[in-house]
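Please look through the structure shown below, following the chain at your own pace before reading on. The paragraphs after it are meant to be read with the structure in view.

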Amino acid sequence: MGAKNFAFLRQDSALLGTHLGDLARQGRFIYTLMRFFFNLVFAIFLIFGCYQGYLWWKNRNSIVLDLMNVRFATRKVERNYGKEVEAICKELDFPHQSYFKALIILESSADKKPKTRYEAHVFERLKAVRDGEMESYNHLKQADLEGFSNRELTELATSWGPLQLMGYHTLKLKIPLSELKSERGLAHSIKWCKKTYGNYLTKNDYENAFHIHNTGKPLGWFSKPQTHDPYYIFKGLRYINALERQIEAHARAEKP
């Protein structure tokens, strides 16, 4: 009887040992898994923290560079176009020279000899309207483009001058394209702006004015800006503010 009990005890001890071994292995596995998880979380937070630090450093430097760029750009536009823009606005009785100077910076970097910019998708749409494959494009119908060659359509699909006005706008202005390329090109461009979205400028609604000039339509109520540069409007407002501050500074300096 005693030998049987001893055998059972040995068997139970062996089973218990096996069970405890399984538990130990499971415990080590869980411990390893938890350690891996915590290390992973720590690594994610570390990478995120480093990335946020990089963004802070980049933004700090971007702000400094942006201030320098704004100052440089406003001086450049005043030097290259300041007097001309002011004279045109006075002639048109349309006192929004700061807006147009800012627009020149956005559209052509205020370069004295701005580059042209051909837009292939505009050419394809103009061609489709001319050929009767499309009913209209930006209020132009087939009758407006009748007789135009592909070469002429290419010029209409190109933007010109300091405000980068599209060539096809000359049709509504009722002027030859050569006028847009001439020294009076800027005056014609400002006239087009006044005619097209001058009501927004009269209300000092520069956000919509910038958006219409770049996209052809005003801002939507709840939609994001559709400008080619998502910061186009923001930059334009920065330039206007900088130009207005310069005017105020000059006015104070001229006071006796």
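Helix H8, which spans residues 185–202, gives the most to the lining of the largest pocket, with 5 residues. This is a predicted model, and in it the pocket has a volume of about 840 Å³. Its lining is made up of 33 residues, and those that lie nearest the centre are Asn138, Tyr168, His169, His213 and Gly216. Besides H8, the elements that each supply at least two residues of this lining are helix H3 (120–130), strand E5 (165–166), helix H6 (169–173) and helix H9 (206–215). Sorted by class, the lining holds 14 polar, 12 nonpolar and 7 charged residues.

Helix H9 deserves a further look, since it is one of the elements that supply the lining. Of its 10 residues, 7 are buried, so H9 is largely enclosed by the rest of the structure. The buried ones are Tyr206, Asn208, Ala209, Phe210, His211, Ile212 and His213, and His213 is also among the residues nearest the centre of the largest pocket. The cover over these buried residues includes helix H2 (97–108), H8 and helix H10 (232–254). After H9 comes Gly216, whose phi is positive, near 90°; Gly216 too is one of the residues nearest the pocket centre.

Thr215 also belongs to helix H9, but it counts as partly exposed, with a relative accessibility of 26%. Once its neighbours within four places in sequence are left aside, Thr215 is in contact with Gln226 and Thr227. Pro225 stands 10 residues from Thr215 in sequence, and the distance between their C-alpha atoms is 9.1 Å.

A second partly exposed residue is found in strand E1 (residues 117–118), namely Arg117, whose relative accessibility is 39%. Arg117 and Gln164 are 47 residues apart along the chain, yet their C-alpha atoms are separated by 7.7 Å. Apart from neighbours within four places in sequence, the residues in contact with Arg117 are Glu107, Ala157, Thr158, Ser159 and Gln164.

Which residue has the cysteine sulfur closest to that of Cys89? It is Cys193, and because the two sulfurs are 9.8 Å apart, they are too far from each other for a bond. A disulfide is a covalent bond between the sulfur atoms of two cysteines. The cut-off for counting such a pair is a sulfur separation within 2.5 Å, and a search of the whole structure finds 0 disulfides. Both cysteines count as buried, Cys89 at 2% relative accessibility and Cys193 at 0%.

Stepping back to the protein chain as a whole, one finds 10 helices and 5 strands. The chain has 256 residues, and buried residues make up 32% of them. Among the contacts in the chain with a separation of 6 or more, 56% are accounted for by residues 24 or more positions apart, and the pairing of Arg117 with Gln164, 47 residues apart along the chain, is an example of a contact across such a stretch. The accessible surface of the chain comes to about 17,600 Å², and 59% of that area belongs to carbon and sulfur atoms.

Methods:
Residues are numbered from 1 along each chain as its sequence is written. This is a predicted model: local features need pLDDT of at least 70, side-chain atom pairs count only at pLDDT 80 or more; totals for chains, interfaces and linings use all residues. Side-chain values use heavy atoms; hydrogens and water are left out. On a 1 Å grid over the protein atoms alone, a cavity is a set of points where a 1.4 Å probe fits but cannot get out, and a pocket is an open set with protein on both sides within 12 Å along at least five of seven lines; lining residues have an atom within 4 Å of a point. Grid points are joined across faces, edges and corners, and a volume is the space filled by probe spheres set on the points. Helices (H or I, at least four residues) and strands (E, at least two) are DSSP runs, numbered from the N terminus. Ala, Val, Leu, Ile, Met, Phe, Trp, Tyr, Cys and Pro count as nonpolar, Asp, Glu, Lys and Arg as charged, and the others, Gly among them, as polar. Buried means under 20% relative accessible area, exposed over 50%, partly exposed in between (1.4 Å probe, protein chains only). Contact means heavy atoms within 4.5 Å. Accessible areas come from the Shrake-Rupley method with a 1.4 Å probe; for residues, only the protein chains shown count as cover.
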